[in-house]
Amino acid sequence: MSFTEQEVELLSRQLPLWVEASKVRSAYGKTASYIPELAKAPQHALGIHLIDTTGTAVSSGDCSLSFTMQSISKVFTLILALMDNGEEAVFQKVGMEPTGDNFNSMLKLELVRPGIPFNPLINAGAIAISSLIHGKDSAEKSSRILSFFQALAGNDTLTYDMDVYRSESDTANLNRSMAYLLKDNGVLEGQVEEVLDVYFHHCSIQVTCSDLARMALVLANNGTDPVTGVTLIPRRYVQIAKTFMITCGMYNASGEFAIQVGLPAKSGVSGGILTMVPGRLGIGVVGPALNVKGNSIAGVHLLETISRELDWSLF
Ligand code: GLN
């Protein structure tokens, strides 16, 4: 289903105003600095791109800004791991429950036996998922991930931001400790440093809002790219991914986001948010200033406004 006439009319009139109103919120947030390279992002930028199943797109704000996917990539590595290994094998290594903790917490890995990550969208879970991607070495695994993302985005020029990759890899003491603990808990396959290399690579894949929107559209359309007609993901795995996006996609603010916006979504610490109106639209947002939970402060505000005004909540 495409945008309705009223939606197009309302969006073309109001979207630029809503973007400007939400942008103001950026002043109350901060760009991520624990990955030093991310601190350089333009704090006050805000952009949004929406695309429907007929390929009609609407965008507003700073849509030409490139940024790295960071945690948004976790949705798609989960899907690739499911496609490579099947459901049963994947859910021996990660659980299906939200943690209520920060995305990079390792508390429950120590405390709650059998010591597998609670879900695939927290760092520990995504690192475990990286170890499940098929390939003879980390280079082949990373290149399979990149090709999959290129197909989903309909953009074969997607590549890594190597400055962000190096910046993360050089400073990832917490993710490294987590990965070694996972290895000790018997969760990780293969060499820890190789698994981390795969993880840092997919977090540093560079996109724009329109790439995110196109990837989201494939999920919104149950795994088939409506623009090309090609099925890229089995429907069941899209269902799993979307469910995790509702319960864990916005970290420990997922409940609040479900109430205020009511759409499956995944955020990343570069300020990106991928979300969708199932069956209808793919949406990509970027706003690098983050709130205390690590979500784009202006991006969340913008999505709250749009969802309320257009009555898009699934609930
Ligand atoms: N690469 C980031 C990290 O591991 C991803 C985290 C995020 O986007 N929340 O810390």
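Start at the hairpin of S1 and S2 and select Gly55: four residues lie between the two strands, and Gly55 has a positive phi near 95°. Strands (E, at least two residues) and helices (H or I, at least four) are DSSP runs, numbered from the N terminus. What you have open is a predicted model, where local features need pLDDT of at least 70, side-chain atom pairs count only at pLDDT 80 or more, and totals for chains, interfaces and linings use all residues. To find your way, count residues from 1 along each chain as its sequence is written.

**Stop 1: strand S1 and its partners**

Now select residues 47-52, which form strand S1. On one side, S1 pairs with strand S2 (residues 57-61) in the antiparallel sense, over five bridges; two strands count as paired if DSSP finds at least two bridges between them. Try picking out two opposite couples: Gly47 stands across from Gly61 in S2, and Ile51 across from Ala57 in S2.

Next, add residues 281-286, which are strand S7; S1 and S7 also pair in the antiparallel sense, over six bridges. Here Asp52 stands opposite Leu281.

Which residues of S1 point which way? Gly47, His49 and Ile51 point one way, while Ile48, Leu50 and Asp52 point the other way. In a regular strand, side chains alternate between the two faces of the sheet. Six of the six residues of S1 are buried, so the strand is largely enclosed by the rest of the structure. A residue is called buried if 20 or more other C-beta atoms lie within 10 Å of its own, exposed if 12 or fewer do, and partly exposed in between, with C-beta atoms placed from the backbone.

**Stop 2: helix H2**

Select residues 73-85 to see helix H2, which has 13 residues and reaches 18 Å from its first C-alpha to its last, close to the 18 Å expected at 1.5 Å a residue. That expected span is 1.5 Å times one less than the number of residues.

Is H2 largely enclosed or not? Ten of its 13 residues are buried, so H2 is largely enclosed by the rest of the structure. Among the buried ones are Ser73, Phe76 and Leu80. Just after H2, click on Gly86, whose phi is positive, near 85°.

**Stop 3: two residues from a UniProt list**

An unreviewed UniProt entry lists Ser71, Asn123, Glu168, Asn175, Tyr199, Tyr251 and Val269 under "binding site". The UniProt positions are given in the numbering used here, feature names are shortened, and annotations may be inferred rather than shown by experiment.

Select Asn123 in helix H5 (residues 123-130). Asn123 counts as buried because it has 22 C-beta neighbours inside 10 Å. Leaving aside neighbours within four places in sequence, Asn123 is in contact with Phe103, Asn104, Asn175 and Met178. Contact means that the C-beta atoms of two residues, placed from the backbone, lie within 7 Å.

Then move to Tyr251, in the loop between helix H11 (235-248) and helix H12 (254-260). With 24 C-beta neighbours inside 10 Å, Tyr251 counts as buried. Again setting aside neighbours within four places in sequence, its contacts are Asn102, Phe103, Lys293, Gly294 and Asn295.

**Last stop: zoom out**

Show the whole protein, with its 13 helices and seven strands. Its C-alpha atoms fill a box of roughly 55 × 40 × 35 Å, taken along the principal axes. Of its 315 residues, 54% count as buried.
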